[in-house]
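Please work through the exercises below with the structure in view. Each task is followed by a solution in steps.

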Amino acid sequence: MVRRLTNSEGKQLWQDYRQGNIYALGELLDVYYSDLYHWGMRLHHDREFVKDSIQEVFLNLWKVQQTTSSVENVRAYLLMVLKNHMLRELCDKHNKLQSSLSEDYSFSVEFAADFRMIEEEREVYQFRKLETIMNSLPPRQKELLYLKFYQNLDFEEIADVMNLGRQSAYNLFQKSINNFRKNWPVTMLMLLFFGAILNIF
Amino acid sequence: MKNYMSYTLEDFVDDQDFIDWVQGRSDSNDFWPSYAKRFPDKAEVMKQAEQIIRTAQVHTDKVGKREIRLEVEQFLHSARNMKIVNSEVKVFTKTMLSFPNLMRASAIAAVIVFIIGLTWYLLPIEDGNFENSISEVMQNSLAQAKNDTDKPLRVVLNDNSIVVLSPQSSLSYPSVFSGSDRKVYLHGEASFSVTHRSSPFMVYTGEMVTKVMGTRFVVRSFDHDQKISVQVQSGKVSVYSTKPSISANAMEKNGVILTANQAAFFEKDKHQISKTLVANPILVNKDNKSVNFYYDEVPLPVIIRELEKGYGIPIQFDEQSFQGCRITATFSRETLFEKLDLLCKTVSATYEIVDGQIAINGSGCSSL
């Protein structure tokens, strides 16, 4: 995995952009492009639409350069702005009211476990089960897990991007973790238990 | 301090250090395994957390580096052609000629005529540049941007070139560029992003001229400084003195060509231009931008050639004697000079900056 820009490096570029350095904004586009594109594709699976949206968001940032304020996490901020922009565009396109889409938008993600370093058959089985559980979670929970583990945001940032309060974001997270707890496929304890029984015979 | 003893499934899954470790991005690889050994009753819940994180993997949609570069270029292009709203650029044009201004204007005109006359007298044909620039001042009212604030000031010129003017600096420029070249006059410091046009862009700073075809660079020329400096971020610029050289020998010293990451200093008292490197060279080869340099038993010359390409700076060294040096190293965001320090230390060599290039000296390694 390519190393991401650290938060302070992102902030420095943002600072330069606010002072009128167009190349700093260009560089932000360069380093965050894959993340933004990936995120956009989750919200609406249309390559050209996503690419146009990213361009529009950045041109807009340049247009309001003099009035933008400083931000804590540039990447999280850009994800949020792109999402708002895309949802607004989609509303206009489908002649819908903004409010109807702000909570009820689609989010398509396919979680696929990382099978490297897994040697045992039963562990693969376990991962398959977890995959099924994860992929059948409600869209908002999937979005949260995606932001947490793919985009690596913290709850503060996730709350901003998902337009939730910090506590609601954390509750949503707990809800999805409980889903796993309840449906945990085969626990290690059970395996140990079976192992012990087998040993007796 | 985190209370690891009472860590729940949620705590593990929420811990960015833990996530980094599972996703293979962590620096400290031993912490979590040793944690599991120290708290055996936490081992299972930790394993579960690990499995959840490993399951939450998403395939990346591939956007190629080339595609991203094209997108960035498209953005820069459209952004440059866009009107900036709410611009705070202070521009003082001399268009409104009220009566007192008219008086002053004629006074200025008189002085200028005097200077032209004097120059004509002293330098009959020689200094065409100077005369041209002054007549242009006359024809085309010069606008002036002056930065009295303590923050950089952005000025967009008529050809969409962007100048970021440092505090206590001023720039005079024609409100509309006309003729065969684009001339601006700088006092102090500014960084230029010049749009590509067939007519050259020239920055006049006292006795030094910086000429470009479209590039990014910084010029620094405060009256109180002994030196005028030009630093090039990308593209190619030529820097030369407006004064004709005294001896034929000094001819070469009177003009230099700079490429990315190179800088020039003009010493005011000696009328000499010297070439060196910018303080912190940046990667110019965008393909390498986010890629780490990773080397495993690689001959030093290969690494040096890669650095050379990445930073666009020529590096001189004896390829033969360093061929035997094998290097294992990972570079990420170190500066060029930090990388060179490391490499040189490993093979007990030294480097110096000579005339805008890097020279590595050392006896090399005996190949076995």
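The exercises treat model confidence, one helix pair and the contact between two chains.

**Exercise 1.** State how confidence is distributed in chain A of this predicted model.

*Solution.* Begin with the whole chain: the mean pLDDT of chain A is 83, and 83% of the residues score at least 70. Then turn to the elements: H7(A) has the highest confidence, at 94, whereas H10(A) has the lowest, at a mean of 55.

**Exercise 2.** Describe how helix H2 (residues 22–43) of chain A packs with helix H4 (residues 74–93) of chain A.

*Solution.* Step 1: the axes lie 10 Å apart, and the angle of packing is about 45°. Step 2: angles from 35 to 65 degrees fall outside the roughly parallel and roughly perpendicular classes, so H2(A) is oblique to H4(A). Step 3: the crossing of H2(A) with H4(A) is right-handed. Step 4: H2(A) contributes Leu28(A), Tyr32(A), Asp35(A), Leu36(A), Trp39(A), Gly40(A) and Leu43(A), and H4(A) contributes Val74(A), Arg75(A), Leu78(A), Leu79(A), Leu82(A), Lys83(A) and Met86(A). Step 5: by class, the residues of this contact are 10 nonpolar, 1 polar and 3 charged.

**Exercise 3.** Which element gives the most to the side of chain A that touches chain B?

*Solution.* Step 1: the contact involves 48 residues of chain A and 44 residues of chain B. Step 2: the elements of chain A that give two or more residues are H2, H3 (47–63), H6 (121–135), H7 (139–149), H9 (166–182) and H10 (188–200). Step 3: H2(A) gives the most, with 11 residues. Step 4: this side of chain A comprises 28 nonpolar, 12 polar and 8 charged residues.

Conventions: Residues numbered from 1 in each chain as written. Chains lettered and ligands numbered in written order. Predicted model: local features only at pLDDT ≥ 70, side-chain atom pairs only at ≥ 80, totals over all residues. Axes fitted to C-alpha atoms, helices over the stretch in contact; angles between N-to-C directions. Helix = DSSP H or I, 4+ residues; strand = E, 2+ residues; numbered from the N terminus. Parallel < 35°, antiparallel > 145°, perpendicular 65-115°, else oblique. Left-handed = near helix turned anticlockwise from the far one by under 90°. Contact = placed C-beta atoms within 7 Å. Nonpolar A, V, L, I, M, F, W, Y, C, P; charged D, E, K, R; others polar. pLDDT = per-residue confidence, 0-100.
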